[in-house]
Structure formats: structure tokens, C-alpha cells
Amino acid sequence: MSSVARRGRGILVVFEGCDRSGKSTQCRMLVDYLKSIGRDVAHLRFPDRTTAIGQSINDYLQGTTELEDHAIHLLFSANRWESVPRIKQLLDNGTFVVVDRYAFSGVAFTAAKGYDVTWCKNPDRGLPDPDLIFYLDISTKDAQTRGSYGEERYEKAEFQERVAEIYEQLKSNDWKVVDAMKDKNEIHEEIRNTLLELEEQFSKTPLKRL
Ligand code: T5A
Ligand code: NA
């Protein structure tokens with residue numbers, strides 16, 4: 001099969017959406033699928049709780065520490081920046097990079113606290129710009145019915161409503177909006193078909209920056 005042949009750079013795919021919209025589920029399914037057809041693929045998630053910065057973020061999210069709003073925003077951004085060398089190297093090597101949350105989560109969650117969207121975007125300026133953004137669209141009411149909603153800092157209905165409003169402002173025409181209430185297999189098929197359709201086009205286009 002020609003599917004294993006190197007076709008230029010890898011594709012940067014990002015999943016975004018409110019808490020419990022099914023991002024991690026779809027990332028896993030996409031990564032498994034790409035592996036099953038013989039592609040090189042890396043699975044990243046933000047926050048990356050494994051680094052020193054990520055551990056501070058984890059403590060904040062779990063409520064064991066408090067951090068000033070601007071300071072935690074910058075830590076979330078720094079946690080993405082510390083991955084940039086790896087992301088670039090993977091893409092240069094022709095590896096698919098599938099990412100669970102990215103800069104748009106950073107903006108949506110801080111702006112939902114009432115901060116200026118432009119200020120929120122600034123620290124992430126210059127990060128690799130995703131080729132494809134899948135937005136898993138779910139109402140707060142539906143999200144709340146899913147497992148363990150309400151355990152971490154931002155998992156409150158009223159706050160999630162604000163997050164969804166900011167995502168609406170951030171969304172551009174090229175975001176792929178997916179109905180997150182469909183069956184997970186149906187969603188997966190939609191996502192993989194879109195990716196396979198656009199893969200060749202993106203692999204020949206230079207990576208842009210946010
Ligand atoms: N954050 C993050 C910031 O404030 N700034 C930032 O810069 C970044 C990057 C942690 C928090 O950090 C904030 C945002 C978050 O509040 P996280 O670690 O990604 O972010 O959060 P998690 O708790 O891991 O994940 P989410 O709550 O966002 O859930 P997912 O990944 O969207 O959903 P998933 O796949 O785990 O599914 C949730 C449940 O629904 C079921 C699953 O089985 C699971 O039980 N499910 C479905 N059920 C029915 N139909 C479907 N189609 C389903 N798909 C999944
Ligand atoms: Na998740």
C-alpha cells in the first residue's frame with residue numbers, strides 16, 4: 001500500500017471542545033486507526049501534566065494550589081511551548097501529530113474568566129498552527145450527564161457555558177465542527193474521512209504559525 005510511503009511533512013491535528021465533549025476518546029480512536037493503517041503517529045495532550053510546569057498546572061486544576069489568573073494562563077502556554085521542538089521534529093519526520101486540546105483551550109478558559117481575548121491569545125503567538133481543528137460540539141446540559149463531570153476546577157455548568165461562548169468567537173470557517181452527541185464510532189468515521197481527504201493537501205503546504 002502506498003499509505004506507508006513518506007508524503008512530505010506530518011499533519012498537525014487538534015481536538016477542541018468543552019469538558020466531557022469526547023476529545024480524549026476521539027484522539028485515542030484516531031491514533032489507533034492511523035497506526036492500524038501503518039502511519040507514524042504521535043499522541044500529545046495539553047496540559048501535559050508530566051513536566052514540571054505540567055505538575056504545577058495539575059495541582060492548580062485539582063485545587064490543591066491557587067495561582068493568579070494571568071500566571072496560570074502563562075503556565076498553560078509555556079506548557080505548549082516546551083513541546084514545540086518535539087512537535088516540529090515529529091512533523092518534519094512525516095509523523096502525524098494528534099493533539100488533545102491546544103491554544104484555543106488556553107484562550108477559551110481564561111477569557112471565560114472575563115479577560116481580554118487578544119491578551120489571552122498573545123502568549124501562544126508563534127506556536128505551530130494546526131492543519132486541522134476538530135471541534136466537538138456539545139451542550140453543557142448534555143456534557144454534565146457524562147462521567148465524573150464536576151471534579152476539577154473548571155467543571156461547573158455556568159463556567160462551561162462561558163467557555164462555549166468564547167469558543168464560538170474563536171471558531172473560524174476552517175474548523176471542523178462535529179456533533180459530539182452522535183455515536184462515538186460515527187464521529188470517528190467522520191473525523192478520519194475528513195483527515196484522509198485533506199492529508200495530501202496539507203502535507204505539501206508549509207506549516208504555518210499562530
Ligand atoms: N485548560 C486546558 C485550560 O484552562 N487552559 C489550557 O491551555 C488547557 C490546555 C483539563 C482542564 O484544563 C483546562 C481545560 C480543562 O478544564 P483535560 O485534562 O483535557 O483539561 O480535561 P479532561 O478532564 O481530561 O478531559 P475532558 O473533561 O475535556 O473530557 P474529553 O476528553 O472531552 O472527553 P472524554 O473523551 O474523556 O469523554 C468523557 C466521557 O464521555 C464519554 C466517555 O466514555 C467518557 O465517559 N463519551 C461519550 N459518551 C457518549 N457518546 C459519545 N460520543 C462519547 N464520547 C465520549
Ligand atoms: Na480529556
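A polar contact, as the term is used on this tour, is a pair of N or O atoms within 3.5 Å, and within protein one of the two must be able to donate a hydrogen and the other to accept it. Keep that cut-off in mind while moving through the model, which is a predicted one.

**First stop: R101**

Select R101, which is found in the loop between β3 (96–100) and α5, and show its side chain together with the backbone of G17. The side chain of R101 reaches the backbone oxygen of G17 at 3.4 Å, and this pair counts as a polar contact because the cut-off is 3.5 Å. R101 is buried, since its relative accessible area is 15% and buried means under 20%. The backbone of R101 also deserves a look, for its phi is positive, at about 75 degrees, although R101 is not a glycine.

**Second stop: R20**

Next select R20, which lies in the loop between β1 (12–17) and α1. Here too the backbone has a positive phi in a residue other than glycine, with a value near 70 degrees. Is R20 buried or partly exposed? With a relative accessible area of 27%, R20 is partly exposed.

**Third stop: ligand 1**

Now select ligand 1 and display the residues around it. Ligand 1 sits in the largest pocket, and the elements that give two or more residues to the shell around it are α1 (23–36), α3 (69–81), α5 (103–111) and α9 (184–203). The number of residues that surround ligand 1 is 26, and both arginines already visited, R20 and R101, belong to the closest of them, along with K23, T25 and R80. If you colour this shell by residue class, you should find 11 charged residues, nine nonpolar ones and six polar ones.

Which side chains bring a polar atom to an oxygen atom of ligand 1? Among them is K23, where an N or O atom of the side chain is 2.6 Å from an oxygen atom of the ligand. For R80, an N or O atom in the side chain is 2.8 Å from an oxygen atom of ligand 1, and for D19 a polar side-chain atom lies 3.0 Å from an oxygen atom of the ligand. Taken as a whole, the protein covers 79% of the 1,100 Å² of accessible area that ligand 1 has on its own.

**Fourth stop: helices α5 and α9**

Two of the elements that contribute to the shell around ligand 1 can be followed a little further, beginning with α5. Select V107, which is found in helix α5 and counts as buried because its relative accessibility is 4%. Then add K121 to the selection: V107 and K121 are 14 residues apart in sequence, while their C-alpha atoms are 5.9 Å apart in space.

In helix α9, select S203. At 8% relative accessibility, S203 counts as buried, and its side chain reaches the backbone oxygen of E200 at 2.9 Å.

**Fifth stop: L30 in helix α1**

Turn to helix α1 and select L30, whose place is in that helix. The relative accessible area of L30 is 0%, and L30 is therefore buried. To see how a long stretch of sequence is spanned in space, draw a distance from L30 to V177, which are 147 residues apart in sequence and 16 Å apart from C-alpha to C-alpha.

**Last stop: two loops**

Finish with two places outside the helices and strands, the earlier one being P47, in the loop between β2 (41–45) and α2 (52–61). Display the backbone from F46 to P47, where the peptide bond is cis, with omega near 0 degrees.

The other place is R146, found in the loop between α7 (140–144) and α8 (157–170). R146 counts as partly exposed because its relative accessibility is 27%. With R146 still selected, add S172, which is 26 residues away along the chain, and the C-alpha atoms of the two prove to be separated by 27 Å.

Note on methods
Residues are numbered from 1 along each chain as its sequence is written. Chains are lettered from A and ligands numbered from 1 in the order in which they are written. This is a predicted model: local features need pLDDT of at least 70, side-chain atom pairs count only at pLDDT 80 or more; totals for chains, interfaces and linings use all residues. Side-chain values use heavy atoms; hydrogens and water are left out. A residue is near a molecule or strand if one of its heavy atoms lies within 4 Å of it. Accessible areas come from the Shrake-Rupley method with a 1.4 Å probe; for residues, only the protein chains shown count as cover. On a 1 Å grid over the protein atoms alone, a cavity is a set of points where a 1.4 Å probe fits but cannot get out, and a pocket is an open set with protein on both sides within 12 Å along at least five of seven lines; lining residues have an atom within 4 Å of a point. A molecule sits in a cavity or pocket if more than half of its atoms lie within 2 Å of its grid points. Helices (H or I, at least four residues) and strands (E, at least two) are DSSP runs, numbered from the N terminus. Ala, Val, Leu, Ile, Met, Phe, Trp, Tyr, Cys and Pro count as nonpolar, Asp, Glu, Lys and Arg as charged, and the others, Gly among them, as polar. Buried means under 20% relative accessible area, exposed over 50%, partly exposed in between (1.4 Å probe, protein chains only).
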